[in-house]
Amino acid sequence: MTPPSVQADGNVRRGEVIALTNCARCHAVGRLGGSPLGAAPPFRELHRRYPVEDLSEALAEGIVTGHPTMPEFRLDPDEAQNLIDYLKTLER
C-alpha cells in the first residue's frame, strides 16, 4: 500500500501535469511569471478570488466562461481533484 504522503505527492504532480498540458498556454501555472494571456489570472492568485476547492465541480462538469478565448474544459473527478491539490500548493 502506498503511504498517504507519497500518494498526495503523486496527486499534486499529476495536477501540475494537467495544468502544464491544458492551461499553461494562457495561464501562469507556476509560482512565478506572468500569464501568456494577460486576461488569464495566474494560478497562484486564484485562491485570493475564491476557495480553489470550489472549482472541483466546475472542472468535472466543464468550465464555460463568459469570454470566447477560454475553451470549454472538462476533467474526470480524479483529474479535477489532482488539479485542485496542485492549486492548493500554490497558496503557500
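**Exercise 1. Find which helix of this predicted model has the lowest confidence and which has the highest.**

Solution. Start with the two extremes: in the protein chain, α3 sits at the bottom with a mean pLDDT of 83, while α4 tops the ranking at 95. Next, put those beside the whole-chain figure, a mean of 87. Finally, check coverage: 88% of the residues reach 70 or more.

**Exercise 2. Work out the fold pattern of the protein chain along the sequence.**

Solution. Count elements to begin with: there are four helices and zero strands. Reading along the sequence then gives α-α-α-α. Now for contacts: take pairs at least 6 apart in sequence, and 48% of them turn out to join residues at least 24 apart.

**Exercise 3. Locate the largest nonpolar core and say which helices feed it.**

Solution. Step one is membership: this core has 18 residues, and F43, L59, L75, L83 and L87 touch the most other members. Step two is the source: α1 (4-22), α3 (55-61) and α4 (77-89) each supply at least two residues. Step three picks the top contributor, α4, which gives five. For some background, nonpolar side chains in soluble globular proteins tend to be buried together.

Now zoom in on L75. Skip residues up to four places away in sequence, and L75 touches I18, L59, A60, A80 and L83.

**Exercise 4. Split the protein chain into inside and surface: what share is buried, and how much area is exposed?**

Solution. For the inside, 35% of the 92 residues are buried, taking under 20% relative accessible area as the cut-off. For the surface, the chain exposes about 5,900 Å², and carbon and sulfur atoms supply 54% of that.

Notes. Residues are numbered from 1 along each chain as its sequence is written. This is a predicted model: local features need pLDDT of at least 70, side-chain atom pairs count only at pLDDT 80 or more; totals for chains, interfaces and linings use all residues. Side-chain values use heavy atoms; hydrogens and water are left out. Buried means under 20% relative accessible area, exposed over 50%, partly exposed in between (1.4 Å probe, protein chains only). Contact means heavy atoms within 4.5 Å. Accessible areas come from the Shrake-Rupley method with a 1.4 Å probe; for residues, only the protein chains shown count as cover. A nonpolar core is a set of buried Ala, Val, Leu, Ile, Met, Phe, Trp, Tyr and Cys residues joined through side-chain atoms within 4.5 Å. pLDDT is the predictor's confidence in each residue, from 0 to 100.
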